[in-house]
Amino acid sequence: MLNQIKEHISEVEKFQANTAEAVEAFRIQYLGKKGVLNGLFSAFKDVPNDEKKEFGQTLNELKTKAQEKVEALKTALEEKEDQSGSGLDLTMSAEPMRMGSRHPLSIVKNEIVEIFARLGFTISEGPEIEDDWHNFSALNLPDEHPARDMQDTFFIQRDPDYLLRTHTSSVQVRFMEKNQAPIRTLSPGRVFRNEAISARAHCIFHQIEGLYVDENVSFADLKQTLLHFAQEFFGKETQIRLRPSYFPFTEPSAEVDISCNICKGKGCNICKYTGWVEILGCGMVDPNVLENCGIDAKKYTGFAFGMGVERITMLKYQIKDLRLFFENDVRFLDQFTSA
Ligand code: DAH
């Protein structure tokens, strides 16, 4: 009988299992109601008195070993499950995820690009460091032209001049130099002007330039395109108003206002109680500019426009201070998470 218990002990020591079922079967076999141990304990009373002590001790050893074995195998299995992930509690609530968000200027830029993309405009880009030709001369702003002074240029080098582009109109020139008509292109990008930083001005800001060149392009096409844009972007009820203006690179030129989308024309401090807010400059591309860029101005006409992304974003979201766009304060940026 004693030998039998010892055999059980060595069997228990040797036992291995890697499924929960096998461990449970082992537990039942040894520690269950009708298991080996209970069987041996009930045989205890028939053991001769002088053997009882050793028998009892060995039996207890078997019991402890069987219990320890079951615990050890269970723990090993649980650890394995944790690692493989199958112990995952799918009912547990998830850790909140911090979502990044697009910058409001990017949201607006993308929206504008999409509206014009539906009209067949493609994107073009140019360098932020420009030469005099692309930023000024080709755009009908020869040396000594007074309008040059209005642009507060950051010069990098004089004679020959290299500068930080003051507007994205320079990309028009680059695009026309490389591509023949018909042209429909939109050029978003950063521009730079030596201006004091305030709630309404910054030395770095963003513009989107548009250019359309083809046979028989007219001012009516320009007006209709901009009306379509204004209504897509600011809402169907939006009206536009064109005021005669002057730009060296367009003739005729106009500045475009939209009906104030905040007070709906009733008058508020955003539109300075006029009911209208300016959003862009535009005009028919001056034939000199077409010729400067190698496009036959007798055959082709075109229109161009340039808008400030900050200005349009401020109108859309009623943002009162332009500096917020450049401070990267998360409390400001977080508000655009779902946009
Ligand atoms: N380049 C002008 C500016 O920075 C904006 C502009 C006006 C662009 C008229 C144009 C245009 O293409 O036709 O103020």
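## Exercises on a predicted model

A polar side-chain atom of serine 169 is 3.0 Å away from a nitrogen atom of the ligand. The model is predicted, so local features need pLDDT of at least 70 and side-chain atom pairs count only at pLDDT 80 or more, whereas totals for chains, interfaces and linings use all residues. Residues are numbered from 1 along each chain as its sequence is written, and side-chain values use heavy atoms, with hydrogens and water left out.

### Exercise 1: the ligand

Find which residues come nearest to the ligand, and state how much of the ligand the protein covers.

Solution. Begin with the 15 residues around the ligand (a residue is near if one of its heavy atoms lies within 4 Å); those that come nearest are His167, Ser169, Arg193, Gln207 and Glu209. Next, look at the oxygen atoms of the ligand: one lies 2.8 Å from a polar side-chain atom of arginine 193, and an oxygen atom of the ligand is 3.3 Å from an N or O atom in the side chain of glutamine 172. The ligand has 350 Å² of accessible area on its own, and the protein covers 91% of that area (Shrake-Rupley method, 1.4 Å probe). Finally, assign the shell to elements, which are DSSP runs numbered from the N terminus (helices, H or I, of at least four residues; strands, E, of at least two): helix H7 (169–178), strand E6 (204–214), E9 and E10 each supply at least two residues.

### Exercise 2: helix H8

Check the length of helix H8 (residues 219–234) against the expected span, and list the residues of H8 that are buried.

Solution. The expected span is 1.5 Å times one less than the number of residues, so the 16 residues of H8 should span 22 Å, and this agrees with the 22 Å between the end C-alpha atoms. Now turn to burial, where buried means under 20% relative accessible area, exposed over 50%, and partly exposed in between (1.4 Å probe, protein chains only): the buried residues of H8 are Leu222, Thr225, Leu226, Phe229, Ala230, Gln231, Phe233 and Phe234. Their cover, judged by contact (heavy atoms within 4.5 Å), includes helix H5 (104–117), strand E7 (240–247) and helix H10 (309–317). Just after H8, glycine 235 has a positive phi of about 120°.

### Exercise 3: strand E9

Determine how E9 pairs with E8 and with E10, and how many residues of E9 are buried.

Solution. Two strands pair if DSSP finds at least two bridges between them. E8 and E9 run antiparallel and are joined by 8 bridges, with glutamate 255 opposite glycine 281 in E9. E9 also pairs with E10 in the antiparallel sense, over 5 bridges, and here glycine 283 has alanine 304 in E10 as its bridge partner. As for cover, 8 of the 10 residues of E9 are buried.

### Exercise 4: two residues

Decide whether phenylalanine 247 and serine 187 are buried, partly exposed or exposed, and name what each touches.

Solution. Phenylalanine 247 lies in strand E7 and counts as partly exposed because its relative accessibility is 22%. Not counting residues up to four places away in sequence, phenylalanine 247 touches Ser253, Ala254, Glu255, Gly281 and Cys282. Serine 187, in strand E5 (residues 183–192), is buried, with a relative accessible area of 3%. Leaving aside neighbours within four places in sequence, the contacts of serine 187 are Ser124, Thr168, Val171, Gln207, Ile208 and Glu209.

Methods. Polar contact = N/O pair within 3.5 Å; in protein donor to acceptor, adjacent residues only side chain to side chain.
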